[in-house]
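Here are a few short exercises to work through with the model open in your viewer. Try each task before reading its solution.

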Amino acid sequence: MSVQRRHRRYYAMMAVCITLFVLAWGVVRLWSVPAAVGMCVVAMVIPPFAAIVANRRDPGERWWDESGDPESDRWWRELDDKGRR
């Protein structure tokens, strides 16, 4: 999954979260407070999953492992190459 796709999914999930909160307390509470509370509970669960989606690493992505130290990066690449043989 590309970085842009992960960002789009994250923003879509967060938009759903905010929409649920706004609708729950702006509209739904006028007819049913328990339904509004239920919507808020659902909205409360979305952000952790959005963070997991946004921070998931694809197998081919190496930028997560780059430390900026050439010696350390060389050492990690060497270890990765040994594991693939």
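**Exercise 1. The surface and the overall fold**

Task: Find how much area the protein exposes and what share of it carbon and sulfur atoms supply.

Solution: Keep in mind that this is a predicted model. The protein exposes about 6,500 Å², and 66% of that area is supplied by carbon and sulfur atoms. Next, turn to burial: of the 85 residues in the protein, 18% are buried. Then read off the elements, which run α-α-α from the N terminus on; that is three helices and zero strands. Finally, look at the contacts with a separation of 6 or more: 49% of them join residues 24 or more positions apart.

**Exercise 2. The largest nonpolar core**

Task: Work out which residues make up the largest nonpolar core, and which helix gives the most to it.

Solution: Start with the membership. Eight residues make up this core: Cys17, Leu20, Ala24, Ala36, Met39, Cys40, Ala43 and Ile46. Now assign them to elements: helix H1 (3–26) and helix H2 (33–55) each supply at least two. H2 gives the most, with five residues. As general background, nonpolar side chains in soluble globular proteins tend to be buried together.

Now zoom in on one member, Cys40. Setting aside neighbours within four places in sequence, Cys40 is in contact with Phe21, Ala24 and Trp25.

**Exercise 3. The geometry and packing of H1**

Task: Compare the span of H1 with the expected value, then find which of its residues are buried and what they pack against.

Solution: H1 has 24 residues. At 1.5 Å a residue, 34 Å is expected, and H1 reaches 34 Å from its first C-alpha to its last, close to that expectation. The buried residues in H1 are Arg6, Cys17, Leu20 and Ala24. These buried residues of H1 pack against H2. A helix rule is handy here: an α-helix has 3.6 residues a turn, so residues three or four places apart point the same way.

**Exercise 4. An aromatic pair**

Task: Count the aromatic pairs, and explain why the rings of Tyr10 and Tyr11 are classed as they are.

Solution: The count comes to one aromatic pair. The ring centres of Tyr10 and Tyr11 are 5.4 Å apart, and their planes meet at 70°. Planes over 60 degrees apart count as edge-to-face, so this pair is edge-to-face.

To finish, classify the accessibility of each partner. Tyr10 has 27% relative accessibility and therefore counts as partly exposed. Tyr11 has a relative accessible area of 55%, so Tyr11 is exposed.

Notes. Residues are numbered from 1 along each chain as its sequence is written. This is a predicted model: local features need pLDDT of at least 70, side-chain atom pairs count only at pLDDT 80 or more; totals for chains, interfaces and linings use all residues. Side-chain values use heavy atoms; hydrogens and water are left out. A nonpolar core is a set of buried Ala, Val, Leu, Ile, Met, Phe, Trp, Tyr and Cys residues joined through side-chain atoms within 4.5 Å. Buried means under 20% relative accessible area, exposed over 50%, partly exposed in between (1.4 Å probe, protein chains only). Helices (H or I, at least four residues) and strands (E, at least two) are DSSP runs, numbered from the N terminus. Contact means heavy atoms within 4.5 Å. The expected span of a helix is 1.5 Å times one less than its number of residues. Rings of Phe, Tyr and Trp (its six-membered ring) pair if their centres lie within 6.5 Å; planes under 30 degrees apart count as stacked, over 60 as edge-to-face and the rest as tilted. Accessible areas come from the Shrake-Rupley method with a 1.4 Å probe; for residues, only the protein chains shown count as cover.
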